[in-house]
Amino acid sequence: MGIINSEIKPFNATAFKQGEFVEISEADVIGKWSVFFFYPADFTFVCPTELGDVADKYEELQKMGVEVFSVSTDTHFTHKAWHDSSETIGKINYFMVGDQNGSITNNFGVMREGQGLADRATFLIDPDGIIQAVEITAEGVGRDASELMRRVKAAQYVRKHPGEVCPAKWKEGEATLSPSLDLVGKI
């Protein structure tokens with residue numbers, strides 16, 4: 001079974017957010033757009049650049065009704081220590097989820113077999129808890145929060161405008177397509 005258009009599975013975890021440890025579950029995802037941003041480990045090299053990039057876009061994501069959950073198999077205590085010791089990570093205001101037993105990482109199918117680490121993976125979840133987009137990259141390939149923002153805007157547009165789709169490189173305000181027999185073979 002493919003993961004796109006599948007419902008997220010139940011989970012419970014402790015996260016670090018804005019100086020506090022908070023309990024979260026799938027109930028915190030339902031009713032809003034969410035991004036699950038998996039990464040291999042705290043105190044590494046590419047991970048802080050990605051997490052910092054998302055932190056720079058977090059306020060804009062919030063205005064779009066999107067919550068961010070970064071997830072690694074580190075503990076919530078480790079997330080706090082990293083947050084307190086790194087200027088880049090210190091600017092994060094979104095949830096930093098501790099998944100030390102790997103249940104969330106396994107639920108999303110991004111656990112590296114035999115390593116206990118998550119792949120670099122991003123999941124966009126709609127307000128119904130349905131996965132709308134996935135991005136997975138190799139260890140050395142960092143992600144771009146600007147592309148994530150574009151993808152969120154496209155998914156939100158399509159949800160609000162049934163019967164329309166967003167073509168490649170679509171940006172907010174640009175033309176969309178209405179699939180029909182008249183378009184077949186003409187694009």
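In this short talk I will go through the surroundings of Cys47 and then the helices and strands of this predicted model.

Let me begin with Cys47, which the unreviewed UniProt entry lists under "active site". In the model, Cys47 sits in helix α1, which covers residues 46–63. Its relative accessibility is 1%, and because buried here means under 20%, Cys47 counts as buried. If we set aside the neighbours within four places in sequence, the residues in contact with Cys47 are Tyr39, Pro40, Ala41, Trp82 and Arg120. Two of these names, Trp82 and Arg120, will lead us onward.

Take Arg120 to begin with, whose place is in strand β8. Is Arg120 buried or exposed? With a relative accessible area of 1%, Arg120 is buried, and its side chain is joined to that of Glu50 by a polar contact of 2.7 Å.

The strand around Arg120 deserves a closer look. In β8, 6 of its 6 residues are buried, and this holds on both faces, with Arg120, Thr122 and Leu124 on one side and Ala121, Phe123 and Ile125 on the other. That arrangement can be read against the general rule that in a regular strand the side chains alternate between the two faces of the sheet. As for its partners, β8 runs antiparallel to β3, to which it is joined by 5 bridges, and it also runs antiparallel to β9, with 6 bridges between them. Ala121 is a convenient place to see both pairings, since Phe38 stands opposite Ala121 and Ala121 in turn stands opposite Ile136 in β9. Between β8 and β9 the hairpin has 5 residues, and there Gly129 takes a positive phi near 80 degrees.

Now to Trp82, which belongs to the buried residues of helix α2 (residues 76–85), together with His76, His79 and His83. Seen down the axis of α2, these buried residues fall within an arc of 115 degrees, and so they line one face of the helix. The general background is that an α-helix has 3.6 residues a turn, so residues three or four places apart point the same way. On the other side of α2 we find Phe77, Asp84 and Ser85, which are exposed. The buried residues of α2 pack against several elements, namely β1, β2, α1, β4, α3 and β5.

Of those elements, β5 is a strand whose residues are again covered in both directions: Phe95 and Val97 point one way, Met96 and Gly98 point the other way, and all are buried. Its two pairings run in opposite senses, for β1 and β5 are antiparallel and joined by 3 bridges, whereas β4 and β5 are parallel and joined by 4 bridges. Gly98 takes part on both sides, with Thr14 opposite it in the one case and Ser72 opposite it in the other.

I will finish with helix α5, residues 145–160. At 1.5 Å a residue its 16 residues should span 22 Å, and the end C-alpha atoms are 23 Å apart, which agrees. At the start of α5, a side-chain oxygen of Asp144 comes to within 2.8 Å of the backbone nitrogen of Ser146. The buried residues of α5 include Ala145, Leu148, Met149, Arg151 and Val152, and the buried residues of this helix pack against β3, α1, β4, β8 and β9. That brings us back to α1, the helix that holds Cys47.

Key: Residues are numbered from 1 along each chain as its sequence is written. This is a predicted model: local features need pLDDT of at least 70, side-chain atom pairs count only at pLDDT 80 or more; totals for chains, interfaces and linings use all residues. Side-chain values use heavy atoms; hydrogens and water are left out. UniProt positions are given in the numbering used here, feature names are shortened, and annotations may be inferred rather than shown by experiment. Buried means under 20% relative accessible area, exposed over 50%, partly exposed in between (1.4 Å probe, protein chains only). Contact means heavy atoms within 4.5 Å. The expected span of a helix is 1.5 Å times one less than its number of residues. A polar contact is a pair of N or O atoms within 3.5 Å; within protein, one must be able to donate a hydrogen and the other to accept it, and residues adjacent in sequence count only if both atoms are side-chain atoms. The arc is that of the directions from the helix axis to the C-beta atoms. Two strands pair if DSSP finds at least two bridges between them.
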